[in-house]
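Please look through the structure shown here, and then read the notes below, which are grouped by topic.

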Amino acid sequence: MGLKPVVIERLSGYGGSFIGTEGMTGLEIKYTSGENCPMFAGAYNPNQPYGVKNAMNTCLNFHHWIPQHKLYENFFGQMNETIDWLEGHGIKFADVIAIGAGPKIWHVYDKGDNASPGGYFMQCFGKEAENLGVEAYFDTYGRKLIMEDGKVAGVLAEDEKGNVLKVEAPVVVIATGGYSNNSEFLYGVSETKNVNIQALGMDCRDGDGIKMAKDAGADMAEGLGTVMWCGPVTLGAITATWTTDAYSAGVQATVDQYNQACAAAAGLDGEDTSADEEFGKRAKYMHAVDAGPYWLCEVGDGYYTTCGGIKVNEKTQVLDENGEVIPGLYAGGSDAGGLYGDSYDVKFAPGSQAAWAVNSGRLDQRREGVFRLKREKQMSDCSDRDSDTLSKEGPQANDPRAFLLQSRKPSSTCLPRGAG
Ligand SMILES: Cc1cc2nc3c(=O)[nH]c(=O)nc-3n(C[C@H](O)[C@H](O)[C@H](O)COP(=O)(O)OP(=O)(O)OC[C@H]3O[C@@H](n4cnc5c(N)ncnc54)[C@H](O)[C@@H]3O)c2cc1C
């Protein structure tokens with residue numbers, strides 16, 4: 001496509017929380033089309049194969065029709081070619097399976113010589129990016145978008161020593177993974193006030209991209225504050241056994257109460273919930289906690305990622321508060337909102353987050369590639385944008401560290417002023 005991407009990454013290599021993933025949704029892929037296209041009793045239309053349209057309606061229905069229909073159409077409709085594209089760049093899929101009673105569309109990656117499938121995915125992908133000559137700056141934080149006349153003109157980044165890097169670019173894709181590791185941010189935008197929530201994954205997601213977009217005038221999508229729950233996770237070590245430790249004294253009353261409820265449940269029909277007055281657990285699941293030993297641990301509500309974020313249109317272009325496109329600004333992965341209502345659709349689109357992370361990047365680049373190729377034909381003279389001029393213009397001019405600015409000008413971003 002003629003693009004020359006520059007990656008700014010705060011960690012010391014490629015991966016992010018994506019290395020935790022195991023698989024992604026795939027619809028009407030060669031593994032899930034024709035006679036392999038699954039039927040799914042939980043589908044919007046259970047009598048039709050679970051292809052793009054059926055899955056889209058099922059997910060939109062699950063999300064109470066909050067997300068954007070067109071964005072879904074582009075996302076789900078592109079999965080097919082994205083899996084081919086990934087395979088063309090060295091990613092291998094080990095299996096296509098179902099999660100629980102869901103449809104068989106979870107495309108699980110091969111883990112090669114790595115401890116995890118996601119780790120191997122990113123190991124291969126990182127190598128491929130290097131082979132393709134992608135210019136990457138690791139241990140470097142994206143800090144601020146450079147805006148000129150309401151359009152994106154690049155980004156300011158900073159390395160760990162405080163050196164500032166300026167990248168000129170008519171297109172910036174924000175993908176900093178949401179705000180899972182910033183509980184203040186999460187509590188600020190969500191109904192979730194549970195102090196026992198626990199983010200899984202890499203500690204690198206502080207909401208930086210969302211804040212940068214907000215500073216540049218971006219609106220937030222409905223569903224801000226939604227997280228991808230994964231179930232209970234232990235908080236700290238499992239250290240106490242209730243039969244022996246002092247800690248167990250605190251739980252003895254609870255255990256006694258529960259055991260009494262179990263005794264009351266003993267003569268009831270298995271579906272009867274009356275014995276457990278507190279939680280309404282069915283009688284068939286009420287088993288007394290007897291002599292033990294049992295291991296005690298504190299659990300919290302674990303979550304993999306936040307899913308709500310920047311408002312984008314069907315091309316993942318960022319929208320401002322008037323619903324207008326901010327030229328040149330795109331968002332993807334967990335920074336972009338608009339795909340979920342109030343929870344993750346694991347039963348209907350298992351792996352939709354990993355699939356979204358990859359597909360949202362491709363929606364950006366494919367469309368922008370066409371745009372830029374057209375623009376490059378019109379390119380005249382871009383030599384007016386030298387580094388002396390760069391350090392004097394733009395929002396960084398008032399930055400006390402402006403003297404540290406180092407201009408980066410990837411050749412393909414050398415477009416006429418106003419391109420964006
Ligand atoms: C244990 C675990 C298992 C999971 N399993 C699955 C699964 O099987 N299927 C699925 O669909 N989803 C799964 N998820 C969710 C999935 O990981 C995320 O949805 C996905 O990684 C989001 O991609 P992303 O690119 O938006 O964010 P990330 O993968 O987190 O990448 C964001 C990147 O931005 C970088 N960054 C942050 N701030 C800055 C900054 N200021 N400047 C520069 N760089 C910055 C981070 O360092 C990071 O590398 C799982 C998550 C976890 C934690």
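In E4, Trp106 is the bridge partner of Ile97, where strands (E, at least two residues) and helices (H or I, at least four) are DSSP runs numbered from the N terminus. This is a predicted model, in which local features need pLDDT of at least 70 and side-chain atom pairs count only at pLDDT 80 or more, whereas totals for chains, interfaces and linings use all residues. Residues are numbered from 1 along each chain as its sequence is written.

**Sheet**
- E3 and E4 pair in the antiparallel sense over four bridges, two strands being paired if DSSP finds at least two bridges between them.
- The open sheet of three strands runs in the order E2-E4-E3 with antiparallel pairing, and its edge strands, E2 and E3 (93-97), each pair on one side only.

**Nonpolar cores**
- The largest nonpolar core (buried Ala, Val, Leu, Ile, Met, Phe, Trp, Tyr and Cys residues joined through C-beta atoms within 7 Å) has 45 residues, of which Ala55, Cys59, Tyr72 and Phe76 touch the most other members; buried means that 20 or more other C-beta atoms, placed from the backbone, lie within 10 Å of a residue's own.
- H2 gives the most to this core, with seven residues.
- Apart from this core lies another, of 36 residues, including Val171 and Leu319.

**Ligand shell**
- The ligand is surrounded by 32 residues, the closest being Gly16, Gly20, Gly177, Gly201 and Gly333, where near means a C-beta atom, placed from the backbone, within 6 Å.
- With four residues, H7 gives the most to this shell.

Note on methods. A residue is buried if 20 or more other C-beta atoms lie within 10 Å of its own, exposed if 12 or fewer, and partly exposed in between; C-beta atoms are placed from the backbone.
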